[in-house]
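Reader: I'm new here and would like to know what the words rest on. Can we go through them one at a time?

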Amino acid sequence: MIELHFEQQSVKIDAGELVGYQVNGHEYIHQKGKPGWRNSDTEMFPIIGPTAEAGFQVQTPRDVAVQDQHGLLRELDYELVSHVEHIAVFKKNYKANTPVPNSKYPEKSNKSQLFWTYDFEFEKKFVLGENGLEIRFTVRGARDTPFMLGYHPAFNLVTTNPIIIAEENAITLPQVLAVGNRAFKVIGYEEVILKDKNELRITTEGFGNFMLWTEVPNMVCIEPITFYPYDVAQKNLHDGFQFLETGEKEFKVTLTVVD
């Protein structure tokens, strides 16, 4: 377990997963073992969304890849690159067409192994400071590498009527629950505010959208995404790709407690 500290803030990271963010003693991250989800955060890469109806196949410019829901990055282990008092850096590397065991097999998938048709390096950097917790994601690979990216953190809820604010839109927990597994889409925004016991601002760079998901009243996932996958048929999931214009691209998510 790695810990970061800055003034009244503390962060806990377990093998690259954000498992705790406390400010003045209040925990903002959903805790493993509580109802709702078995994780605290993860990433969706190189695709977002389900693939079962497409036979777990995703078309890329090079060839067809085999991907389960939300991609294969989550099946790889993070390597710790560096750690100082306020900063921790992790990375994952993947070689094109390398088979990766699928943790959803055989209970939820008939594909025992997954693969992608491009090399990539994925870096996750935590920076704790005056403006809160910044999480930077850097995607590295060959020019024109296709990908989607989504960040999937789960936030702890302690009141009965939390609200997610996206400018003029106020989204209630019952609205999110009603959408179910498709997730509530919030398109065209780089910032939302979670109003619960306290207010937490989630600001992003590079994503452009969010989707919201939960099945329980004690947590909610507020997920920055580059593409909302349920707007297309699963066989056309490749319509959501963006492409590396150079050798790398950076995305940011900042969590800030609003005074």
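Author: Sure, starting with a pair of strands: strand 15 (residues 150-156) and strand 22 (residues 219-225) are antiparallel partners over 4 bridges. This is a predicted model, where local features need pLDDT of at least 70, side-chain atom pairs count only at pLDDT 80 or more, and totals for chains, interfaces and linings use all residues. Residues are numbered from 1 along each chain as its sequence is written, and side-chain values use heavy atoms, with hydrogens and water left out.

Reader: What makes strand 15 and strand 22 a pair?

Author: Two strands pair if DSSP finds at least two bridges between them, and strand 15 and strand 22 have 4 bridges. So they count as paired. Within that pairing, Ala154 sits opposite Cys221, and Asn156 has Met219 as its bridge partner. Strands themselves are DSSP runs (E, at least two residues), numbered from the N terminus.

Reader: Which strand is joined to strand 15 by 4 bridges, with Thr42 partnering His152?

Author: That's strand 5, which runs antiparallel to strand 15. Both belong to an open sheet of 5 strands, in the order 5-15-22-21-18.

Reader: Why is strand 5 said to stand at an edge?

Author: Strand 5 and strand 18 (184-187) each have a single partner strand, so one side of each has no neighbour in the sheet.

Reader: How do you know that strand 15 is mostly covered?

Author: Buried means under 20% relative accessible area (1.4 Å probe, protein chains only), with exposed over 50% and partly exposed in between. In strand 15, 7 of its 7 residues are buried. Gly150, His152, Ala154 and Asn156 point one way, while Tyr151, Pro153 and Phe155 point the other.

Reader: Why is Glu43 called buried?

Author: Glu43 has a relative accessible area of 3%, and the cut-off is under 20%, so the word fits. You'll find Glu43 in strand 5 (residues 41-44).

Reader: What makes the meeting of Glu43 and Tyr78 a polar contact?

Author: A polar contact is a pair of N or O atoms within 3.5 Å; within protein, one must be able to donate a hydrogen and the other to accept it, and residues adjacent in sequence count only if both atoms are side-chain atoms. The side chains of Glu43 and Tyr78 make one at 2.6 Å, and the side chain of Glu43 makes another with that of Lys124 at 2.8 Å.

Reader: Which residues does Glu43 contact, leaving aside neighbours within four places in sequence?

Author: Contact means heavy atoms within 4.5 Å. Among the residues in contact with Glu43 are His70, Phe122, Gly150 and Tyr151.
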